[in-house]
Structure formats: structure tokens, C-alpha cells
There are 2 protein chains.
Amino acid sequence: MNKSPEARRKKLLEIIEKNPFLTDEQLAATLGVSVQTIRLDRMILAIPEQRERIEMMAQRAYQNLTSLAKEDIIGRLLLLEPGEKAASMLEITPEMCFKDGNIARGHFLFAQANSLAVALCPGKNVLTGIARVSFKKPAYLGQKVIATAVVRVKKQNKYYIKVVGNVENEIVYVGRFVVFKISREG
Amino acid sequence: MNKSPEARRKKLLEIIEKNPFLTDEQLAATLGVSVQTIRLDRMILAIPEQRERIEMMAQRAYQNLTSLAKEDIIGRLLLLEPGEKAASMLEITPEMCFKDGNIARGHFLFAQANSLAVALCPGKNVLTGIARVSFKKPAYLGQKVIATAVVRVKKQNKYYIKVVGNVENEIVYVGRFVVFKISREG
């Protein structure tokens, strides 16, 4: 790309605002420049590196959590705008894998998606009504699964939520959840 | 009921064969006699009590398991006829509940149903493709969730399985799973 440094930095800002999870390597590949150039641009623009960006987002995200205890989120919450959208990251550890292999067991991915869907619903006493998860590819030991969730429809006390799990921009699962608030039960 | 003892015992045998998970109290209620009568009838028929029946079934069930390690079953396997039907029991413990309450978290129920569906598929390298679970009622701390799974359709390497989770004859969830055998990947 033959962009001027100013144009490139403007584009870099836009890309990071849209997807703050991209590493310098991914940003370099996207903009067709070297990793060194990206690092320099970030310094000039005062944009922290991906790890710090994620940490800052996580701190804000947990402050918005009302429907679950912090410990009830499976994975690390990265973004939470209640009633709108949310994201989390789950690193696949040995305990999450089948005993005889390095493939993550479905219920851990389900747990990531389900807890993110519940987190998206503001308030207390939120439960899952229906969950439909399609597992597209296995997730393996050591991989980081980024789940992004959006509220598609809100009807009375029900939220219809879509959650997509990605590993390095490849979809590993797609989930659709109906979560709802109960009035009485604890 | 005014059945002769012989007719009652014949009926008792039939009921237990159909549902070995019923307690003496439940059998007594079903047949309209006292718990003492049920116990006497069981002695005469040499039918062990419910706890022992479940233990005997579990021992047989685990011998039929090929697609998962024993530890990968969530809950206790009670019945396994590969390619046909299966059952398991999951007792809800505090770790399975939301931090702020005594309701079981959805992903533990999902894990029971999902591992039972995978167990039903004979062979190795079995994964879940699609899962749809409808949560009907919450399951609470201390409750025992009995899941029963049946293969509805088998097409090439795919199994379509229905799993129903019950607590004391009330449905807590209904799940539909498509599980499949992969040829290569470990």
C-alpha cells in the first residue's frame, strides 16, 4: 500500500477501534507494512500494545457485570455493553480437553458462550432458556478462543443473543441463546 | 388396587424393568400399596433395592464405553447400549451452582447431556456437531438429574440423539444432538 504515514495511522486507529484484539503482526499484515512500522505508529498515536489494550478493556468490562458473579464467567471478559454486545477470551487448558487427546470438550466452549450470553443481559436472576450451538471446528490445547456476542432481539424479559467463537479468525462455534430474567426465584 | 399378590408382583417386575430408577416409595405410590409391601415383594422376587440396581447397571454400562474415557462422562453412567440408548445421573453439587445461589449452571447440565450423547456413539474420535438444549426448569443443589438418551436417526457417520433430563419425573431439559465420528484427527 502506498499510503502516506498520516493516512496509514488514521487507518490503523480505525482498524484497532473496530477490532482491538489484533496483534501487531496481524495489523502489519492487514496494512501491508512491517511490524516495526506498526510499533512506531502505535507509539506516535499512544496506542498500547494488544495485551495492554485487552487488560484495559477487561477491567472496564467486569465493572458492567450485573447478572453473574465475576467467577461465573467462563473465560476472561473483554468487553461488556449490557443489552448490546460482549466478548470474552478462553484459553484452552489441559483440564478442558478430552482425557485421551488435545481437543477441547464441547461443554467448555458451551460454557464460554452461555456465560457470555447471560452476562449480556442486564439485571439479576438471568437464566438460559434455549441454547443452540453448532461446533464448526475443534479447538485445541493452548488455543485462545475469542467469543463475541450480540443481542439480536429483545422481547419483554427475553434476549435473543448470537455468540461466535473464533480462533485466529477461524470460526470454531456459532451459538444462539435465548436468555431471560426471572422475577421471583433466587 | 385390588390385585392378587401374584398379579401385583408381576406388575412390579414389569415396572422395574421399564424404569429401574424408581425408589420403593415411588413404586408403592404407583401400585397403591405400602412401602413395606414393596420391600416384601422385592425380597420374594429377589430384586435388589434401587441403589444396588443402579450400581449393578453402572458397572455394566461403563464396560460398553468406547468413545470417551470414563472420566469424560459428566455424571454417573447408568445404562449404555451403544447406538441405541443410554442414561446417566448427575447430582448437583455446590461447585455446579451459581456463586450467588443454589441453581445449577446450564453448562453442567449441557455437559451431562453432551457427554451422554457422545458416549452413545460407538467407536473412537466422536465429536459433537450441533447441540440444541431447551432448559425447562432450574435444577437445584442436591437434586439428582437423570438423563436418558436415545438415538433417533443414524446416517452414515452421524447420530441424531435426543436427551431428556429429569428430576423426580419432571423434565428439566430437553437436548437434541448431532454427534459424528471423525476419521483422521486425534
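This report walks through a predicted model of two chains, A and B, from the overall build of chain A to the contacts between the chains.

## Chain A at a glance

Let's start with the broad picture. Chain A has 5 helices and 6 strands, and following the sequence gives the order α-α-α-α-β-β-α-β-β-β-β. Its C-alpha trace spans about 60 × 40 × 25 Å along the principal axes.

Chain A has 186 residues, and 48% of them count as buried. If you take the contacts in chain A between residues at least 6 apart in sequence, 58% of those link residues at least 24 apart. The accessible surface of chain A is about 9,600 Å², with carbon and sulfur atoms accounting for 51% of that.

## Where the chains meet

Now for the A–B interface. On the chain A side 32 residues are in contact with chain B, where 31 residues take part. The size of an interface is often given as the accessible area lost when the parts come together. Here chain A and chain B bury about 2,700 Å² between them, and 58% of that area is on carbon and sulfur atoms.

How many salt bridges are there across the interface of chain A and chain B? The rule finds 2. There is a salt bridge between A:Arg105 and B:Asp72, with 3.3 Å between the closest N and O atoms.

## Salt bridges around A:Asp24

Over all chains, a search of the whole structure turns up 16 salt bridges. Side chains of opposite charge can pair when their charged atoms come close. A:Asp24 is a nice place to look, as it pairs with A:Arg39 and with A:Arg42.

In the salt bridge between A:Asp24 and A:Arg39, the closest N and O atoms are 3.7 Å apart. A:Asp24 sits in helix H2 (residues 24-31) of chain A and A:Arg39 in helix H3 of chain A, so this pair ties together parts 15 residues apart in sequence. For A:Arg42 and A:Asp24, the closest N and O atoms are 2.8 Å apart. Again helix H3 of chain A meets helix H2 of chain A, so the pair of A:Arg42 and A:Asp24 ties together parts that are 18 residues apart in sequence.

Are these side chains buried or exposed? A:Asp24 counts as buried because its relative accessible area is 9%, which is under 20%. A:Arg42 is also buried, at 10%, whereas A:Arg39 is partly exposed at 40% relative accessibility.

## A nonpolar patch on helix H3 of chain A

Helix H3 of chain A covers residues 35-45 and includes A:Met43. This methionine is exposed, with a relative accessible area of 67%. A:Met43 joins A:Leu40 and A:Ile44 in a nonpolar patch on the surface, and together the three have about 350 Å² of accessible area.

## Helix H2 of chain B and its neighbours

Over in chain B, helix H2 runs through residues 24-31, and its buried residues are B:Asp24, B:Leu27, B:Ala28 and B:Leu31. Seen down the axis of H2(B), these residues fall within an arc of 100 degrees, so they line one face of the helix. An α-helix has 3.6 residues a turn, so residues three or four places apart point the same way. The buried residues of H2(B) pack against three helices of chain B: H1 (5-18), H3 (35-45) and H4 (50-63). Just after H2(B) comes B:Gly32, with a positive phi of about 70 degrees.

Helices H1 and H3 of chain B also share a salt bridge. B:Arg8 and B:Asp41 pair at 2.7 Å, N to O. B:Arg8 is in helix H1 of chain B and B:Asp41 in helix H3 of chain B, so the pair ties together parts that are 33 residues apart in sequence. B:Arg8 is buried with a relative accessible area of 14%, and B:Asp41 is buried at 0%. In chain A, salt bridges with shared partners link A:Arg8, A:Arg9 and A:Asp41 into one network.

## B:Ala117, tucked into helix H5

B:Ala117 belongs to helix H5 (residues 106-120) of chain B and is buried, with 0% relative accessibility. Which residues is B:Ala117 in contact with, leaving aside neighbours within four places in sequence? They are B:Ile161, B:Val163, B:Phe177 and B:Val179. B:Ala58 lies 59 residues away along the chain, and its C-alpha atom is 16 Å from that of B:Ala117.

Key:
Residues are numbered from 1 along each chain as its sequence is written. Chains are lettered from A and ligands numbered from 1 in the order in which they are written. This is a predicted model: local features need pLDDT of at least 70, side-chain atom pairs count only at pLDDT 80 or more; totals for chains, interfaces and linings use all residues. Side-chain values use heavy atoms; hydrogens and water are left out. Patches are made of residues with over 30% relative accessible area and no salt bridge: like charges are joined within 9 Å, nonpolar side chains (Val, Leu, Ile, Met, Phe, Trp, Tyr) within 5 Å. Accessible areas come from the Shrake-Rupley method with a 1.4 Å probe; for residues, only the protein chains shown count as cover. A salt bridge is a side-chain nitrogen of Lys or Arg within 4 Å of a carboxyl oxygen of Asp or Glu. Helices (H or I, at least four residues) and strands (E, at least two) are DSSP runs, numbered from the N terminus. Buried means under 20% relative accessible area, exposed over 50%, partly exposed in between (1.4 Å probe, protein chains only). The arc is that of the directions from the helix axis to the C-beta atoms. Contact means heavy atoms within 4.5 Å. Buried area is the accessible area (1.4 Å probe) that two parts lose on being put together, summed over both.
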